[in-house]
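Visitor: I would like a close look at one part of this protein. Please take the charged side chains and the pairs they form, then set them in their surroundings.

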Amino acid sequence: MRVAVIGTGYVGLVTGVVLAELGNQVICVDNDPRKIDMLKKGIPPIYEPGIEEMLKKTLEDGYFQVSDNIGTAVEASEIVFIAVGTPPGPDGTPDMTAVKAVAREIGKAINKYTVVVNKSTVPVGSGDVVGNILREQGVPDDKFDVVSNPEFLREGSAIFDTLNPDRIVIGAKRREAAVKLVELYAPLEKPMIMTDLNSAELIKYASNAFLATKISFINAMSRVCEASGANVADVAKGMGLDKRIGDQFLQSGLGWGGSCFPKDVEGLVKSSELLGYDFQMLKAVQEINETQTLHFVDRIEKRIGGLKGKTVGLLGLAFKPNTDDIRDAKSLVIIEEVIKRGGKVQAYDPVAAENVKQVFPDILYCEGPYEVADRADVLILVTEWNEFKSLDLERLACSMNEKILFDGRRLYGKARADKAGLEYHTIGS
Ligand code: NAD
C-alpha cells in the first residue's frame, strides 16, 4: 500500500520504517529540517534499538522516503497517518495545535479518496475535530474517512512492539475505512479490535491510566512497607502471582515518567472534567507519583544530614532504559531538588546526557559510572540501564566520599551492596 506518515518522532518514524519493511511504499514527513537531513542520510534522529539498520535497509530498497512536504506525500498515498506530538497544554489538556495544523495541510492536498489515521494520542472526540477540519478545507465527505489507530509501542522496544503488538485498535465510522487498516496490518497476524472513533481514542487513555494506576498502587504500598518494615518486592511478588492481578507494572520505584503516562493521565483527568466527571481516583494516582520522588530525596537529605555543599552522583538520566527520552524523567526532578537544597550533581547516562544538558547545562556530566562515584557523598541509581546491572560496586565504593547508595530501582539488593562496603537504601524496604 502507499502510506504517508506525518511526524517522524518515536511513533511516526518507527511506524513508517516498519510499514516500509513490510513492503509498503512509505513517505515520512516532518517539518524539522534537521531531522529530514539526518533521515535522508540514514541517520535516525532518535535513539531506538534496531531503527538504524531498518532505516538504512528500507531507504536503500526504495520502500522508505523522507520529505518536508505534506502535500506531495498525501497526493502519493492512500493512507495518511498523523503521528505528531500532543504535549500537555498549559491547563493539562493535550495540545492539538500540531494535529490540527497537519490536518489542514492534508485537507488542502486530498485529491482522491484518502484514509486519514490519527495515530497521535488525542482526546476523545478528536476524530470528529479532524474530520471537520478536512471539510473546512473543502474535502467532500465521500473523499475521506478519519480512523483512530492509537499506538501502544514502548520506547526502547518500539520496533519489536510495532511488529508484535498485543492488539491493534481501529476506530472508524465506516467499515470500509477500518478494513483498509485491517489489510495494512494483516501481515502482522495480531488481534484487531474494530470499534467506533470515540471508543478507540479512549482505549488508549484508559490503558495508560490503568498502567500508571498499577505503578502508583505499588508505590503507595512501598510507603506502607517502609513504615512497617515489610518488603515491597515480596508483597508485589505475592500479589503478582495471582493471575487476576498479574506481575507486570508492579515494580515499585521512583514513579512513572516519560512522554506518555504523565500527559495521558492528566489528559484523561481533563477530558473527563470537560465531560462532567471528576476522575478523583486518577488525581490520587498523580499525587502518589509526585510525592514518591520527593519522599526519596527527603530520605537522602535526612540520611546525609542536609544536601548543602554535598555531591550527589546520578547513575542514569533517561526516563527508562534503552531510550534517550528525558520527557518527565525522574532524574530531572531529583537534579532540581538537589540543586534547590544546595547540593551539587554529577551524572552519567549512556545516551540521554546530551538531552539533559539542554535543561541543566551546569551540572557535571561524567564519562562513565565510576567517574560519577568519584568523591560523591551519595550515589543514586535512577535508571536501570543494563550496563549498570553488572557494575563493580567495590570499585564504585572505593572512590566515594561517603559510601552510601540509594537505589531508586531496587536493582542491587542489600547483600550485594553490603559485600562492597556500601550502605544500602532502596524503596519499600
Ligand atoms: P515526537 O515529539 O517524538 O515526534 C513528533 C514529530 O512530529 C516531531 O519530529 C516533530 O518535528 C513533528 N511535527 C510536529 N509538527 C509537525 C508538522 N506540523 N508537520 C510535520 N511534522 C511535525 O512525538 P512521539 O513521541 O513520536 O509521539 C507522537 C504521538 O504519539 C503523541 O501523541 C504521543 O502521545 C503518542 N505516543 C507516543 C508514544 C511514545 O512512546 N513516544 C507511544 C504511544 C503514543
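Which salt bridge do the side chains of Arg154 and Asp161 meet in, and what is its N to O distance?

Guide: First, a caution: this is a predicted model. The side chains of Arg154 and Asp161 meet in a salt bridge, at 2.7 Å from N to O. The two partners sit in unlike settings. Arg154 counts as partly exposed, at 42% relative accessibility. Asp161 counts as buried, at 10%. The cut-off for buried is under 20% relative accessible area, so Asp161 falls within it.

Next to Arg154 in the numbering comes Glu155, which pairs with Arg327. That is also a salt bridge, with the closest N and O atoms 3.8 Å apart. The limit for a salt bridge is 4 Å, so this pair is counted.

Now place that pair in the domains. The assignment for the chain gives domain 1 as 2-195 and domain 2 as 196-429. Their centres, taken over C-alpha atoms, are 32 Å apart. The contact draws 35 residues from domain 1 and 29 residues from domain 2. Together the domains bury about 2500 Å² between them, and 61% of that is on carbon and sulfur atoms. On the domain 1 side, Tyr47, Val124 and Glu155 lose the most area to domain 2. These residues together make up 26% of what that side buries.

The rule finds one salt bridge across this interface. It also finds 12 residue pairs in polar contact there. Three elements give two or more residues to the side of domain 1 that touches domain 2: α6 (126-136), β6 (144-148) and β7 (168-172). β7 provides the largest share of that side, with four residues.

Back to the charged pairs. The structure holds 28 salt bridges. One of them joins Glu105 and Lys108, at 3.3 Å from N to O. Both residues lie in helix α5 (residues 97-109). They are three residues apart, about one turn of the helix. Glu105 is partly exposed, with a relative accessible area of 34%. Lys108 is exposed, at 56%. The cut-off for exposed is over 50%, so Lys108 passes it.

Another salt bridge joins Glu176 and Arg174, at 3.9 Å from N to O. Arg174 is partly exposed, with a relative accessible area of 34%. Elsewhere, salt bridges that share partners form a network. Its members are Asp298, Glu301, Glu337, Lys340 and Arg341.

Lys180 adds a polar contact. This residue lies in helix α8 (residues 175-185). The side chain of Lys180 reaches the side chain of Glu78 in a polar contact of 3.0 Å. Leaving aside neighbours within four places in sequence, Lys180 is in contact with Met1, Glu78, Ile79 and Val115.

Last, the nonpolar background. The largest nonpolar core has 52 residues. Leu314, Leu317 and Tyr412 have the most contacts inside that core. Beyond residues up to four places away in sequence, Tyr412 touches Leu315, Leu381, Phe388, Lys389, Leu391, Leu393, Leu405, Asp407 and Tyr424. A second, separate core has 37 residues, including Val3, Phe64, Ala172 and Ala177.

How values were computed:
Residues are numbered from 1 along each chain as its sequence is written. This is a predicted model: local features need pLDDT of at least 70, side-chain atom pairs count only at pLDDT 80 or more; totals for chains, interfaces and linings use all residues. Side-chain values use heavy atoms; hydrogens and water are left out. A nonpolar core is a set of buried Ala, Val, Leu, Ile, Met, Phe, Trp, Tyr and Cys residues joined through side-chain atoms within 4.5 Å. Buried means under 20% relative accessible area, exposed over 50%, partly exposed in between (1.4 Å probe, protein chains only). Contact means heavy atoms within 4.5 Å. Domain bounds come from an automatic or database domain assignment. Buried area is the accessible area (1.4 Å probe) that two parts lose on being put together, summed over both. A polar contact is a pair of N or O atoms within 3.5 Å; within protein, one must be able to donate a hydrogen and the other to accept it, and residues adjacent in sequence count only if both atoms are side-chain atoms.
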